[in-house]
Amino acid sequence: DVKSGHLNNSGFVVLGRNRLKAVSTVGTASAGTLDIFDTTTAPVSATYARSGTTITVTKSAHGLVDGSTVGLTFATASGTSGTNGNYIITVTSSSTFTVTDINSGTIAGGTVAAYASRWLASYDIGAGDLFGNFVLIPGEGVLVQNGIYLSMSNITSANVYYG
């Protein structure tokens, strides 16, 4: 059976093993972003910089372990951003870790990032897009092990269909 969850701000839709089947969003007058994570805890806010293919993420006392895999999302700066995805990290200090991006570029430090157990998908909504946008995930959907968390920026509402 397919179930649904509705949010008007960032939060969990469901915890536990499920399959993410579809997503619908309604934007605002400003451009928005919906990031979807497979996690049991809310994503952690951090900052990042990119030089070439190396992204350095900064978060005081991050507590992560070298070789761990984390899901990362990156805000845009100067028209470019890091590539959202799941990365194996290299811990460089108690407040920084690095990942290797598949794309290259330069992004100044202090740009917003977020990380959690596993990244699933990101969707951008154009400024003034006040209509329902619907994304159907093909096949049986994306397998979620932990729970579905929506991180919403300038999104009026989001519906998630899972089962």
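## A walk through one sheet and three salt bridges

Start by selecting Ile 36, which stands opposite Ala 121 in strand E10. Keep in mind as you click around that this is a predicted model.

Now widen the selection to the strand pair. E4 and E10 (residues 118-125) pair in the antiparallel sense over seven bridges. Colour E4 by accessibility next: six of the seven residues in this strand (residues 32-38) are buried, so E4 is largely enclosed by the rest of the structure.

What does E4 pair with besides E10? Select E13 (residues 147-153), which is joined to E4 by six bridges, again in the antiparallel sense. For a landmark, pick Thr 33 and look across to its bridge partner in E13, Ser 153.

Keep going to E2. Four bridges join E2 to E13, and the two run antiparallel. Here, Gly 11 is the residue to click: it stands opposite Leu 150 in E13.

Show all of these strands together and you have an open sheet of four, ordered E2-E13-E4-E10, with antiparallel pairing. The edges are E2 (11-15) and E10, each of which pairs on one side only. Neighbouring strands in this sheet are turned by 15° against each other on average, ignoring direction. While you have the sheet up, remember the general rule that side chains in a regular strand alternate between the two faces of the sheet.

Time for some charges. How many salt bridges does a search of the whole structure find? Three.

Stay with the sheet for one of them: select Asp 38 and Arg 118, whose closest N and O atoms are 2.9 Å apart. Asp 38 lies in E4 and Arg 118 in E10, so this pair ties together parts 80 residues apart in sequence. Asp 38 is buried at 1% relative accessibility, while Arg 118 is partly exposed at 29%.

Next, jump to Arg 50 and Asp 101, with closest N and O atoms 2.8 Å apart. Arg 50 sits in strand E5 (residues 44-58) and Asp 101 in strand E9 (residues 96-116), so parts 51 residues apart in sequence are tied together. Are these two buried or exposed? Both are buried.

Last stop: Glu 140 and Arg 19, a salt bridge with its closest N and O atoms 3.7 Å apart. The pair links distant parts of the chain, 121 residues apart: Glu 140 is in the loop between strand E11 (133-136) and strand E12 (142-144), and Arg 19 is in strand E3 (residues 18-27). Glu 140 is exposed, at 55% relative accessible area, whereas Arg 19 is partly exposed at 25%.

Definitions and conventions: Residues numbered from 1 in each chain as written. Predicted model: local features only at pLDDT ≥ 70, side-chain atom pairs only at ≥ 80, totals over all residues. Heavy atoms only, no water. Buried < 20%, exposed > 50% of the residue type's maximum accessible area, 1.4 Å probe, protein only. Pairing = 2+ DSSP bridges. Axes fitted to C-alpha atoms, helices over the stretch in contact; angles between N-to-C directions. Salt bridge = Lys/Arg side-chain N within 4 Å of Asp/Glu carboxyl O.
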